[in-house]
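Could you walk me through this structure, one feature at a time? I'd like to learn how to read each one.

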Amino acid sequence: MSIHIPILIIISPLLAAFLVLLSRKYKIILATASIITSIVFVSTLSSRILSGDKVIYHLGGWRGPLGISLVVDGLSFFFSLIVLGLGLLVIIYSIPERRYGRTYYFLLLVSLSSMIGVIYTTDIFNMYIFYELLSLAVYLLIAYPKTGVTLRASFNYLIMGGVGLSFFLLGVGFLYAMTGTLDMFHIAGRLSAAFDSSMQMVIMSFALIATGMGIKIAVFPLHGWLPDAHSMAPSPVSALLSGITVKIGIYCLIRVIYTVFSAEIFLLINSHNILMVLGVVSLLFGASMALVQKDLKRLLAYSTINQLGIVLIGLGIGTELGLTGALFHVLNHAIMKSALFFCAGIMITETGTREVKGLSGFGRQQPAITFAFIVASLGMIGIPPINGFASKWLICLAAVEAGYTFLVVIILTASAIAAAYYFRVIQVLFGGSLKQGPMPAHEGEQVINRGNLFRSWPIYILAAGCLLLGLLPTLGISLVKPAVSLLLFHVVP
Amino acid sequence: MTPINISLLVFMIGLYGVMSKNNLIKKIMGLTIMNGGIVLFFISIGYREAGLAPILEKGTIDGTTTIVVDPLPQALMLTAIVIGISVTALALALIVKIYSKYKTLDIQQLSKER
């Protein structure tokens, strides 16, 4: 039993997904139970992973380049923990809304299980298949309310995502042409020989894969789909998209850079500078676009582009400190942004408007939710006792250490702009009395139990997580440490 | 023109279609053409001049080497075709819904609607 744990983590939500379709009554219990089962399975591995070991599972007993293997090491453990933890909270948050039927939970579970599939698999073509499965489920989740705007947002995402994954697959084709294998660890072994003979093919495949993932991460020139998709989707789905799904693209990018292409080739073809430039551009672009948004969820969506820019800068610096900061910021952003989208969901259903200025007075009516919103947005800005500060600080330190002092100036400028747009929202929250406007068309016909525990508890948990990671950053860094030492030194700490 | 160059050309034609066409159906056609380019690319990687199907029959191993085509890309492309079909099906379903809401498939007009 214990050797089969990696595959059981993927199968448990997938099995529950199809059972959910069959049962009308127990759909929520099944969904929650399957995710909790997966979390229990992951936590049985935690002591081995955190001590620097890794768990490899060969599917069907076929080893090496022939079969598909699942690997749980520092990096994949870290990302699967984010996916499962936030996935559970997303499911709990969706419970009170009755309009979410069986297909909603089916799609949610399929997307979560394929995310873990992307994270664990070592076969690069299998990664593509899981990613495409994840994307299909996510397109449908965005279009779930079946209103005009959501259908359009979903279609735009489908086109962009389809093009991105086609680029990724073409890059995989180039890799296979050079090395004759699809297992990432075996490709890495054979690629350095291929690099000497056919350098252009290696650069081509890296460029194709990086472009494909760039569309999925929504770096600046390829971000077109993100604001619509993230803001028009139902609020729990927005939290899922912004908190987790985008992070899967970052995981693939890190995995491909460090495991397949190895850090040496990465530095040799100068792509760390490209990542850094893209990071800076999307940082400034996201921040300045968020500043002018009137729609609350659209503001949060542009803020995602802003924060992912910081992660890319950390990856581009590429030193130990920079990577630690980048991965820690991935965790922090996942927590903060899901908290903000959960809060935005409650604000929109309570006030009946998506406009920022329609929120005035919400702060007096629901102080607890507002407090959580303020905690998370202070973290986004990067104000000391909250977790966002710790990771931004690490990235700034890394930038100074590596001699890129101008990056610190840019990050601080973007933080100042972030402060401007988040403080604008907070100011409105404590403004005049609450006006009950009409429900917007696409949020209509939902039945909400006001003050429901299931909706507010995930927010409190996430806000507590923000404070905890901010006060004790070593807690988060100890989670990131095995991943960083795996990436940079290929050894256990 | 090697088969690989042609396949990349087909890929680029598909990309042009996705990027420049205003009609939603034509965008999906572009996506399908891109997919076709990728299939052609993988198949031409695995192609060997005068290669046979990679089937090992009893008694054929007699010391002489025979050239066989690489079966792995073909197996991969069966999967990729199936995935491409599901993406196309989902996209067309979305298009049907969009058309019944807006009565147009032109992306310029759709972006004006609120």
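What follows is a short tutorial in questions and answers.

Q: Before we start, what kind of model is this, and how are things numbered?

A: This is a predicted model, where local features need pLDDT of at least 70, side-chain atom pairs count only at pLDDT 80 or more, and totals for chains, interfaces and linings use all residues. Residues are numbered from 1 along each chain as its sequence is written, while chains are lettered from A and ligands numbered from 1 in the order in which they are written.

Q: What does the model score, and how does chain B do on pLDDT?

A: The model scores ipTM 0.93 and pTM 0.92. pLDDT is the predictor's confidence in each residue, from 0 to 100. Chain B averages 87, and 92% of its residues score at least 70. Among the elements of chain B, helix α4 (residues 107–112) has the lowest mean pLDDT, 84, and α2(B) has the highest, 93.

Q: How many helices and strands are in chain A, and how compact is the chain?

A: Helices (H or I, at least four residues) and strands (E, at least two) are DSSP runs, numbered from the N terminus. Chain A has 20 helices and 2 strands. For compactness, take the radius of gyration over C-alpha atoms and hold it against the globule rule, 2.2 Å times the number of residues to the power 0.38. Chain A comes out at 21 Å, close to the 23 Å that the rule gives for 493 residues, so it is as compact as a globular protein of that length. Its C-alpha trace spans about 70 × 55 × 40 Å along the principal axes.

Q: And how many helices and strands does chain B have?

A: Chain B has 4 helices and 0 strands. Its radius of gyration is 20 Å, well over the 13 Å that the globule rule gives for 114 residues, so chain B is more spread out than a compact globule. Along its principal axes, the C-alpha trace of chain B spans about 70 × 30 × 15 Å.

Q: What share of each chain is buried?

A: Count neighbours: a residue is buried if 20 or more other C-beta atoms lie within 10 Å of its own, exposed if 12 or fewer, and partly exposed in between, with C-beta atoms placed from the backbone. In chain A, buried residues make up 60% of the 493. In chain B, 25% of the 114 residues count as buried.

Q: Is A:Ala218 buried or exposed? And what about A:Lys146, buried or exposed?

A: A:Ala218 is buried, as it has 25 other C-beta atoms within 10 Å. It sits in the loop between α8 (199–217) and α9 (226–232) of chain A, with a positive phi near 65°. A:Lys146 is exposed, with 11 other C-beta atoms within 10 Å. That lysine lies in the loop between α5 and α6 of chain A, and its phi is positive too, near 55°.

Q: Which helix of chain A is largely enclosed by the rest of the structure?

A: Look at α16(A): 12 of its 15 residues are buried, so it is largely enclosed. Among the buried ones are A:Ile369, A:Ala372 and A:Phe373. They pack against several helices of chain A, including α14 (320–351) and α19 (453–471). Just past the helix comes A:Gly382, with a positive phi near 100°.

Q: Which residues have the most contacts inside the largest nonpolar core?

A: In general, nonpolar side chains tend to be buried together in soluble globular proteins. A nonpolar core here is a set of buried Ala, Val, Leu, Ile, Met, Phe, Trp, Tyr and Cys residues joined through C-beta atoms within 7 Å. The largest one has 212 residues, and those with the most contacts inside it are A:Ile142, A:Ala339 and A:Cys343. α14(A) gives the most to this core, with 19 residues.

Q: How many residues are in contact between the two chains?

A: Two residues are in contact if their C-beta atoms, placed from the backbone, lie within 7 Å. Here 22 residues of chain A are in contact with 27 residues of chain B. On chain A's side, α6(A) gives the most, with 15 residues. On chain B, the buried residues of α3(B) are covered by elements including α5 and α6 of chain A.
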